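User: I would like a close look at a single part of this model, followed by whatever context helps in reading it. Please keep to what can be computed from the coordinates.

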Amino acid sequence: MKKISSLERYEIIQPILENDASSNEISKLTGIPPRTLRDWVTKFQNGGLPGLERKTRSDKGIYKSISPEMVDLVIGLALQKPPLLITAICRRVSIIAKRKSLSLPSYDTVYRIVKKINPTLITLAIEGSKAYQQKYELLYRMECKTSNEIWQADHTELDIFIIDENGNEKRPWLTTIMDDYSRAIAGMFLSFNSPSSINTALALRQAIWRKQNNMWKICGIPNILYTDHGTDFMSLHIKQVCVDLKIRHINSIVGRPQGRGKIERFFQTLNENVLIDLPGFSVSGKPSSKTSLKIEKLNEILEKFIVETYHQSIHSCTGEAPLKRWSHAFLPRMPESIETLDNLLLSIKKLRKIQRDGIRFMGFRYISTTLAGFVGELVDIRYDPLDLAEIKVYYKNEFLCKAICQDLSSLTISLKEIKKARKEIKRGLYKQIKAFNRVVSVNLNENREINSKGTSVNNTPSNGSKKHLKLYKNE
């Protein structure tokens, strides 16, 4: 017979209490003995609804066939790492019980004790602290009440291979900015480069400013930027951006990815709804079909999905389409202009001293007639990593001038291109060094052959020359 709650008992005896039926009549309808029904009536009259509650046995949880000491021993053995089988626990407890002349516990008793152990205790003891945190610790989820209150930012290496500028197959990285309240995507940036502060800044630029696509309406400056502890998010550049734009930067708890589950769920949505149908989709780290897409085309496909499908579909958690939820009676906070935004996002601040020939930076010389009156002064410079042809100079936090690099003034050269050029130059120098080393090595070998034959002792180099040649050889 199933357990009957106090409320169900009351409903059964209600006709008896209201004198609409006798206990015998109710007994015939329910199959409950009249004596039990009369007992329920008495309990209700004396104690109300709580009086109908089923009392718990006072000896519940107490094992009569095994001592408390043995119960603790069973629990202790069940919490051992690696976990023991119940048969093994039973054997060990029996051995100890015999030695202490205690009654031997049955297999069923040991089984019941083990099965009643709190699962949180087993998880923490056997699987460890991290597994316990994942399963049982309360999570602090930042919940917001309006759009643009919290934006989440994260990177992921997409599960697809596409063609880079050199014709190689590569997996691109996607930096995404999501509005926490609406789950709308505010901005994104696709790149072959691994996560960096510049990728984050470019994604933020698209997120904050109005898009060329009129259907993609999400924009504005958020109150909070929520990220993990990645070096790109913790960089001085991003910290400066947040201070300048009056954005509060908050990081998720280390080792607790649940706080960023919303944006990671979006990455999963991309895999399941977009990437899986494209050529080059990655299965176990390899493309499942021939790669043919380029980064521009993939960017176009992702934007189309976000704007036309994702933003228009009902979200399972909010019950609203992301775009509709974001737009509720809301006026976003915007920067003064795109130039102001670029100055904050796409420029990095550095401290430099003005020399007599200008400002030295990145191996280049930047000059301006305005700098002539500030020789020897310390100034802040801001530069755009995407274009190093000019830098902006600030003196005591006020804009002073733009300084031009004459070597780059007719070009738009990015930091990436400069690094590439530097590598090529270094590679060329290494080739020259190798060529010289080869010459030295050949001459050393010839000299050794001559010495071994004893034909020309006088040609043996001095100790100083030997050391010099040895250094070249090691290089």
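Which strands does helix 9 (residues 197–208) lie across, and at about what angle does helix 9 run to strand 5?

Analyst: The model is predicted, not experimental. In it, helix 9, made of residues 197–208, lies across four strands: strand 1 (150–157), strand 4, strand 5 and strand 6 (224–227). Its direction makes an angle of about 145° with strand 5.

The sheet comes next. Strands 1, 4, 5 and 6 belong to an open sheet of five strands, in the order 5-4-1-6-7, with mixed pairing. Strand 5 (185–191) and strand 7 (248–251) are the edge strands; each has a single partner, so one side of each has no neighbour in the sheet. From one strand to the next, the twist averages 20°. In general, strands of a sheet pair through backbone hydrogen bonds, either parallel or antiparallel. The pair formed by strand 4 (residues 173–179) and strand 5 is antiparallel and is joined by six bridges. Within this pair, Leu 174 has Leu 190 of strand 5 as its bridge partner.

The loop between strand 4 and strand 5 contains Asp 180. This residue has 3% relative accessibility and therefore counts as buried, the cut-off being under 20%. The side chain of Asp 180 has a polar contact, at 3.0 Å, with the side chain of Gln 152. Gln 152 falls within the residue range of strand 1, 150–157, so the contact links the loop to a strand that helix 9 lies across.

On the other side of the helix in sequence, the loop between helix 9 and strand 6 holds Lys 211. Lys 211 is buried, yet no salt bridge is found for this residue. The nearest side chain of opposite charge belongs to Glu 303 and is 9.5 Å away; a salt bridge would need a side-chain nitrogen of Lys or Arg within 4 Å of a carboxyl oxygen, so Glu 303 does not qualify. What the side chain of Lys 211 does have is a polar atom 3.0 Å from the backbone oxygen of Ala 207. Leaving aside residues up to four places away in sequence, Lys 211 touches Ala 186, Gln 206, Trp 216, Ile 218 and Cys 219.

Some context from the rest of the chain follows. The chain has 16 helices and 15 strands, and 40% of its 475 residues are buried. Of the contacts between residues at least 6 apart in sequence, 61% join residues at least 24 apart.

Further along the chain, strands 12 to 15 give another set of pairings. Strand 13 (residues 378–384) and strand 14 run antiparallel and share four bridges, with Ile 381 opposite Val 393 in strand 14. Strand 14 (residues 387–395) is in turn joined to strand 15 by six bridges, again antiparallel. Glu 390 stands opposite Ile 404 in strand 15, and Ile 391 has Ala 403 as its bridge partner there. Strand 12 (residues 364–367) pairs with strand 15 (residues 398–405) in the antiparallel sense over two bridges; Ile 367 stands opposite Ile 404.

Strands 14 and 15 form a hairpin with two residues between them. Lys 396 in that turn has a positive phi of about 50° although it is not a glycine, and with 65% relative accessibility Lys 396 counts as exposed. Met 362 also has a positive phi, of about 55°, without being a glycine. Met 362 lies in the loop between strand 11 (359–361) and strand 12 and is partly exposed, at a relative accessible area of 22%.

Two items come from the part of the chain before the sheet. The peptide bond from Lys 81 to Pro 82 is cis, with omega near 0°, and Pro 82 lies in the loop between helix 4 (68–78) and helix 5 (86–99). Lys 115, in helix 6 (residues 107–115), counts as exposed at 54% relative accessibility.

Methods:
Residues are numbered from 1 along each chain as its sequence is written. This is a predicted model: local features need pLDDT of at least 70, side-chain atom pairs count only at pLDDT 80 or more; totals for chains, interfaces and linings use all residues. Side-chain values use heavy atoms; hydrogens and water are left out. Two strands pair if DSSP finds at least two bridges between them. Axes are lines fitted to C-alpha atoms, for helices over the stretch in contact, and angles run from 0 to 180 degrees between N-to-C directions. Contact means heavy atoms within 4.5 Å. Buried means under 20% relative accessible area, exposed over 50%, partly exposed in between (1.4 Å probe, protein chains only). A polar contact is a pair of N or O atoms within 3.5 Å; within protein, one must be able to donate a hydrogen and the other to accept it, and residues adjacent in sequence count only if both atoms are side-chain atoms. Lys and Arg count as positive and Asp and Glu as negative; His and the chain ends are not counted.
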